[in-house]
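Let's take a walk through this one together, starting with its helices and ending up on its surface. Keep the viewer open as you read.

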Amino acid sequence: MGNDDLGLVQTRWTSVNKDENLLTRLQYINLSFHFEVEQVNGIFIIFFGFNRTAGVWRIKALEDCGGWMDRTTVEDMDVAVRAHLCGWKFIFLNDVKCPCELPESYEAYMKQQYRWHLGPM
């Protein structure tokens, strides 16, 4: 409230099944690094990517940048870049945690990673 140029509030993921097996533990380490290093920019209200999960958008920010578009497999990345280019600021709240689930099998993990990497490529 009171920050009219704030378009996105992103929170940290926390994994409810991080101790399920070795694969989930390794994913948890990787995602923890992502939030601690890459998303820390949000503390300074500068650009960082939207993670789709655990974020809240100001409707006006979405409208100003052309809205949510499904023309890509990385709608979250697309809208974040467009909103930033329109002058909207983002903030990352590291102390607010959103429970999420990690893929527990190698097959499920590979499907997730394929989708996550296909869009930016």
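In which helix do Glu107 and Lys111 lie, and how many residues apart are they? Both sit in helix H4, four residues apart, or about one turn of the helix. An α-helix has 3.6 residues a turn, so residues three or four places apart point the same way. The side chains of Glu107 and Lys111 meet in a salt bridge, at 3.6 Å from N to O. Both of these residues are exposed. Bear in mind as we go on that this is a predicted model.

Now for the overall layout. The chain has 121 residues, and 36% of them are buried. Its four helices and three strands come in the order β-α-β-α-α-β-α, reading from the N terminus. Contacts across the sequence are worth a look too: if you take those between residues at least 6 apart, 73% join residues at least 24 apart. As for the outside, the accessible surface of the chain is about 7600 Å², and carbon and sulfur atoms account for 60% of that.

Back to the salt bridges. A search of the whole structure turns up three of them, and you've already met the one between Glu107 and Lys111. Another is in helix H2, where Lys60 and Asp64 are four residues apart, again about one turn. Their closest N and O atoms are 3.3 Å apart. Lys60 counts as partly exposed because its relative accessibility is 47%. Asp64 is partly exposed as well, with a relative accessible area of 39%.

Then there's the pair in helix H3. Arg82 and Asp78 are about one helical turn from each other because they are four residues apart in H3, and their side chains form a salt bridge with an N to O distance of 2.9 Å. Are these two buried or exposed? Arg82 has a relative accessible area of 14%, so it is buried. Asp78 comes in at 16%, so it counts as buried too.

That makes helix H3, residues 75-85, a good place to linger. Its buried residues are Glu75, Asp76, Asp78, Val79, Ala80, Arg82 and Ala83, so you'll find charged side chains in that list under the definition of negative and positive used here. What do the buried residues of H3 pack against? Their partners are strand E2 (55-57), helix H2 (59-64), E3 and H4. After H3 comes Gly87, which has a positive phi, near 95°.

Next, pick out Thr24 in helix H1, which covers residues 22-38. Thr24 counts as buried because its relative accessibility is 0%. Leaving aside residues up to four places away in sequence, Thr24 touches Asn17, Lys18 and Asp19, along with Leu102, Pro103 and Glu104.

Two of those contacts, Asp19 and Glu104, turn up again on the surface. Together with Glu20 and Glu101, they form a negative surface patch. Where along the chain is Glu101 found? Look in the loop between strand E3 (89-100) and helix H4 (106-118). Glu101 counts as exposed because its relative accessibility is 61%, and the cut-off for exposed is over 50%. Thr24, by contrast, is buried at 0%, though it touches Asp19 and Glu104 of the patch.

Definitions and conventions. Residues are numbered from 1 along each chain as its sequence is written. This is a predicted model: local features need pLDDT of at least 70, side-chain atom pairs count only at pLDDT 80 or more; totals for chains, interfaces and linings use all residues. Side-chain values use heavy atoms; hydrogens and water are left out. Patches are made of residues with over 30% relative accessible area and no salt bridge: like charges are joined within 9 Å, nonpolar side chains (Val, Leu, Ile, Met, Phe, Trp, Tyr) within 5 Å. Accessible areas come from the Shrake-Rupley method with a 1.4 Å probe; for residues, only the protein chains shown count as cover. A salt bridge is a side-chain nitrogen of Lys or Arg within 4 Å of a carboxyl oxygen of Asp or Glu. The place of a charge is taken as NZ of Lys, CZ of Arg, CG of Asp or CD of Glu. Helices (H or I, at least four residues) and strands (E, at least two) are DSSP runs, numbered from the N terminus. Buried means under 20% relative accessible area, exposed over 50%, partly exposed in between (1.4 Å probe, protein chains only). Contact means heavy atoms within 4.5 Å.
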